[in-house]
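Biologist: I am new to this protein, and I would like to hear how each descriptive word used for it is justified. Could we go through the reasoning step by step?

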Amino acid sequence: MENMIFSKMLFLDKNKIIMIFILSLAIQVAYLSFYPLDKPKKDAVIYDTIGFNIASGKGFSMDGINPTTLYPIYPIVLSLIYSLFGHNYFVVQFFLALLMALTCVITYLIGKVIFDEKAGLLASLLLAFYPPFLGLSRIMYAEPVLFLFLYLLILLLVLFLKYKRMLYIFFVGILAGLAILSKPYIIYAPLIVSILIFFLLSNKRLAVKSVVILNLAILLAMAPWTIRNYIVFGDFRPISFFAIKAGKINKVDIAAFYNKEKYTRNVLLQQEQMLDDYYRKAKISNPSQIKKNIIQRMVDYLGSDYTGNPSNFIDLVRRLHITSYSDILDLGIPFKAFADDDMLREKYRFIFLTKFMIIIASFLIFILGIIGIIFQISRNREALVLAVLFLSHTIFFYLWAVLWGQAGIGGRYGIPVLPVLFLFASGVIIKIFHSIVKPRVIALR
């Protein structure tokens, strides 16, 4: 009986699922064709190097000799692709595009289960067309793999809360472990999911049993990597953030922790060189000191450096959720430079307008998403799952920035919860349509 309900709820209209998948994949492939990237940059170089070394039989290492502990799932995926198809970056990009298309489908299913089919469909379609979402497969980062695990986790968690099947919560744990091994800043997931189960299940005995199964499944998923690290390094190292040896906690892995001052200097130098290149190509000189208008002052207040170091709380919120996603879209001119220089805006009008429109879009998505959260959490039990995961992820990076002074906070770190914002925002958009647009259409008829 339960399986029939499950099938009816999720797969009532397989044509919609196929349509969402094909449309999203087609947009991804078109984006890759019109805006190609021939080789990886920044963090993608690290993943690519490790993946190629694994495929070449040199082990999980950067130099082919010394082992490393960088988050293993994505490099292992790359090694499988390279073993089957050779060192082909387009195959990697296409594979990641497939994962992003699957994420659109899962977003639709989550929306259908938690809200209704219209909200799920609208959220998945908006997500499929959203440029920063498209850019993730192009730049070959690990986020598409994380997306798949994280949103399957959310879908199964909601189904578990509906039907109380232990198999669902077991796979929630497996997916949580795989998500942590994909990007370890999801380390908060076991605690948050455990709290949600205790809070939302009235049967506390079942809640305790579920939390035990959840966390055992997480440990099971992470055990092979932890055992490998113990054999190689002789310490307890479940993720690449830390290692425990002789009762002491040590930071590990240069890819996870770095010298903040050195990082900041390098980023500022790279940004200065990049801007000089843009000015030289446009045959204009660098801007001189000018009297700043209110727009320029606002841009300065909402982030006056390019390093990702938040200058205030509002800037921290903006960097995570209201941004032009320059790193993901590979648009190198900072918005501050456009605000400071009229000639730069004129010469690079397309880049300026693209960044401006994405900032406006991300602002609207954030505002509508927050409004949706406020209105839904008191009425919809399952919506609380999405809201809590969104808030947990956001607060995690607030603490990351405030307590550890972490550099590099930006939209890339906020993007894993972007589908959550789209789901809540879609509900608000549909309500606005029904309350304002639809009555006017009927009146015109």
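**Reading the terms of the model**

Modeller: In this predicted model, Leu96, Leu99, Met100, Leu102, Thr103, Ile106, Leu109, Ile110, Val113 and Ile114 of helix α5 are in contact with Pro144, Val145, Phe147, Leu148, Tyr151, Leu152, Ile154, Leu155, Val158, Leu159 and Lys162 of helix α8. The residues of this contact divide into 19 nonpolar, 1 polar and 1 charged.

Biologist: What makes α5 and α8 roughly parallel to each other?

Modeller: The axes of α5 (residues 89-114) and α8 (residues 143-163) come within 9 Å and cross at roughly 20°. Angles under 35 degrees count as roughly parallel, and α5 and α8 are therefore described in that way. The crossing of this pair, α5 and α8, is left-handed.

Biologist: How do you know which word, parallel or antiparallel, suits α5 and α6?

Modeller: Here the axes of α5 and α6 come within 7 Å and cross at roughly 155°. Since an angle over 145 degrees counts as roughly antiparallel, α5 and α6 are therefore given that description. Their crossing is right-handed, and the contact is made by Cys104, Thr107, Tyr108, Gly111 and Lys112 of α5 together with Glu117, Gly120, Leu121, Ala123, Ser124, Leu127 and Ala128 of α6. The residues of the contact of α5 with α6 divide into 6 nonpolar, 4 polar and 2 charged.

Biologist: Why is the ring pair of Phe115 and Phe424 called edge-to-face?

Modeller: Rings pair if their centres lie within 6.5 Å, and planes over 60 degrees apart count as edge-to-face. The rings of Phe115 and Phe424 have centres 5.4 Å apart and planes at 70°, so both conditions are met and the pair is edge-to-face. Phe115 lies in the loop between α5 and α6 (117-129), while Phe424 lies in helix α21 (residues 418-444), so the pair ties together parts that are 309 residues apart in sequence. Both Phe115 and Phe424 are buried.

Biologist: What makes the pair of Tyr185 and Phe397 edge-to-face?

Modeller: Tyr185 and Phe397 stand 5.1 Å apart, centre to centre, with 70° between the planes, and that angle is over the 60 degrees needed for the term edge-to-face. Tyr185 is in the loop between α9 (166-182) and α10 (189-200), and Phe397 is in helix α19 (residues 383-404), so parts 212 residues apart in sequence are tied together by the pair. Tyr185 is buried, and so is Phe397. Ring pairs also link Tyr185, Tyr188, Phe396, Phe397 and Tyr413 into a cluster.

Biologist: Why is Phe149 counted as buried?

Modeller: Phe149, which belongs to helix α8, has 14% relative accessibility, and because buried means under 20%, Phe149 counts as buried. Not counting residues up to four places away in sequence, Phe149 touches Ile73, Leu175, Leu178, Ala179 and Ser182.

Biologist: How do you know that helix α7 is largely enclosed by the rest of the structure?

Modeller: Of the 9 residues of α7 (residues 131-139), 8 are buried, so the helix is largely enclosed by the rest of the structure. The buried residues are Pro132, Phe133, Leu134, Gly135, Leu136, Ser137, Arg138 and Ile139. After α7 comes Met140, whose phi is positive, near 65°.

Biologist: How many helices and strands does the protein have, and what share of its residues is buried?

Modeller: The secondary structure comes to 21 helices and 2 strands, and buried residues make up 53% of the 445 residues in the protein.

Note on methods
Residues numbered from 1 in each chain as written. Predicted model: local features only at pLDDT ≥ 70, side-chain atom pairs only at ≥ 80, totals over all residues. Heavy atoms only, no water. Axes fitted to C-alpha atoms, helices over the stretch in contact; angles between N-to-C directions. Helix = DSSP H or I, 4+ residues; strand = E, 2+ residues; numbered from the N terminus. Parallel < 35°, antiparallel > 145°, perpendicular 65-115°, else oblique. Left-handed = near helix turned anticlockwise from the far one by under 90°. Contact = heavy atoms within 4.5 Å. Nonpolar A, V, L, I, M, F, W, Y, C, P; charged D, E, K, R; others polar. Phe/Tyr/Trp six-rings, centres within 6.5 Å; stacked < 30°, edge-to-face > 60°. Buried < 20%, exposed > 50% of the residue type's maximum accessible area, 1.4 Å probe, protein only.
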